[in-house]
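Work through the exercises below with the sequence and the model side by side. Try each task before you read its solution.

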Amino acid sequence: VLGTRGERAYSTTGADKGTTSTLLACVNAVGDYVQPVVIMQGVRVQANWKKDVPNHVILKASPSAYVNKMIFLDWGRVFISHLRAKNMLNENNLLTMDGHYAHLFNYKFMQLMANNNVTVLGYPPHTSHVLQPLDRGPFFSLKSWWNKLLRMKIRDVGGRNLTRKEWFEVFVPTFTRSITVKNIQGGFRVSGVFPCNRMKALEVFVFFSVLCCLF
């Protein structure tokens with residue numbers, strides 16, 4: 001952004017409101033991650049969409065562009081395939097996630113996890129910003145890189161909305177620079193999930209105590 005020193009400067013944005021996209025990501029304390037799933041708005045994935053999708057990204061579609069029970073069940077199968085490829089299905093696996101209805105209130109997904117030696121643990125309401133490793137590390141970096149690279153891309157295309165191919169041209173380097181071993185391990189560490197730090201749970205308890213006092 002170019003501007004006059006001492007005066008507020010604005011970056012160029014598209015004239016029309018863009019569409020929503022959702023990212024399903026899963027990481028472990030070692031720093032490994034499951035194949036990401038991107039959900040875009042539409043009734044179904046069109047054949048011409050697929051040519052723009054990188055090989056390591058799975059593309060799904062929903063009318064709202066948000067996750068639903070069917071898509072999350074499909075993601076569950078991707079997760080189990082990842083564990084199988086890592087020879088981890090015979091071990092005890094713990095999957096932690098937020099309380100979205102498509103996650104925890106999804107019988108077929110829960111059944112799939114139980115049948116494959118995976119215990120599912122949901123975070124208490126309003127605590128994922130403290131306890132979820134992705135929120136404490138990788139996603140913070142992802143939002144920063146996304147805004148930076150998106151501004152550069154919008155500048156190059158003159159402010160118009162991005163095509164699906166251009167969207168992935170921004171997303172792939174954003175994901176690569178954000179979902180790193182360092183960021184993932186840092187997220188687990190500061191959230192207290194691994195290594196286990198019970199003081200983080202105490203922080204959440206204090207947070208809820210303050211809320212109770214306020215209301």
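Helices (H or I, at least four residues) and strands (E, at least two) are DSSP runs, numbered from the N terminus. This is a predicted model: local features need pLDDT of at least 70, side-chain atom pairs count only at pLDDT 80 or more, and totals for chains, interfaces and linings use all residues. Residues are numbered from 1 along each chain as its sequence is written, and side-chain values use heavy atoms, without hydrogens and water.

**Exercise 1. Place H100 and describe its surroundings.**

Step 1. Find the loop between β4 (93–97) and α2 (101–104); H100 sits there.

Step 2. Classify its exposure. Buried means under 20% relative accessible area, exposed over 50%, and partly exposed in between (1.4 Å probe, protein chains only). H100 has 31% relative accessibility, so H100 is partly exposed.

Step 3. List its contacts, meaning heavy atoms within 4.5 Å. Leaving out residues up to four places away in sequence, H100 touches V67 and F105.

Step 4. Compare sequence with space. H100 and V67 are 33 residues apart in sequence, and their C-alpha atoms are 9.3 Å apart.

**Exercise 2. Work out the sheet that contains β2.**

Step 1. Read the order. The open sheet has three strands, β1-β2-β3, with mixed pairing. Two strands pair if DSSP finds at least two bridges between them.

Step 2. Find the edges. β1 (21–24) and β3 (58–62) each have a single partner strand, so each has one side without a neighbour in the sheet.

Step 3. Check each pairing. β1 and β2 (residues 37–41) run antiparallel, with four bridges. L23 stands opposite V38 in β2. β2 and β3 pair in the parallel sense, over five bridges. Here K60 in β3 is the bridge partner of I39.

Step 4. Check the cover. Four of the five residues of β2 are buried.

**Exercise 3. Describe how α6 and α7 pack.**

Step 1. Choose the quantities. Two packed helices are described by the angle between their axes and the distance between the axes. Axes are lines fitted to C-alpha atoms, for helices over the stretch in contact, and angles run from 0 to 180 degrees between N-to-C directions.

Step 2. Read the values. α6 (residues 138–156) and α7 (residues 164–178) pack at about 145 degrees, with axes 9 Å apart.

Step 3. Name the contact residues. α6 contributes residues including W145, W146 and L149, and α7 contributes residues including W167, F171 and F175.

Step 4. Sort them. Ala, Val, Leu, Ile, Met, Phe, Trp, Tyr, Cys and Pro count as nonpolar, Asp, Glu, Lys and Arg as charged, and the others, Gly among them, as polar. The α6 and α7 contact has eleven nonpolar, three polar and four charged residues.

**Exercise 4. Analyse the aromatic pairs of F168.**

Step 1. Apply the rule. Rings of Phe, Tyr and Trp (its six-membered ring) pair if their centres lie within 6.5 Å; planes under 30 degrees apart count as stacked, over 60 as edge-to-face and the rest as tilted. The count comes to ten aromatic pairs.

Step 2. Take W167 and F168. Their ring centres are 5.0 Å apart and their planes stand at 85 degrees, so this pair is edge-to-face.

Step 3. Take F168 and F171. This pair is also edge-to-face, with 6.3 Å between centres and 85 degrees between planes. Both residues lie in α7, three residues apart, about one turn of the helix.

Step 4. Check burial. W167 and F168 are buried, and F171 is buried too.

Step 5. Follow the links. Ring pairs join Y33, W146, W167, F168, F171 and F175 into a cluster.
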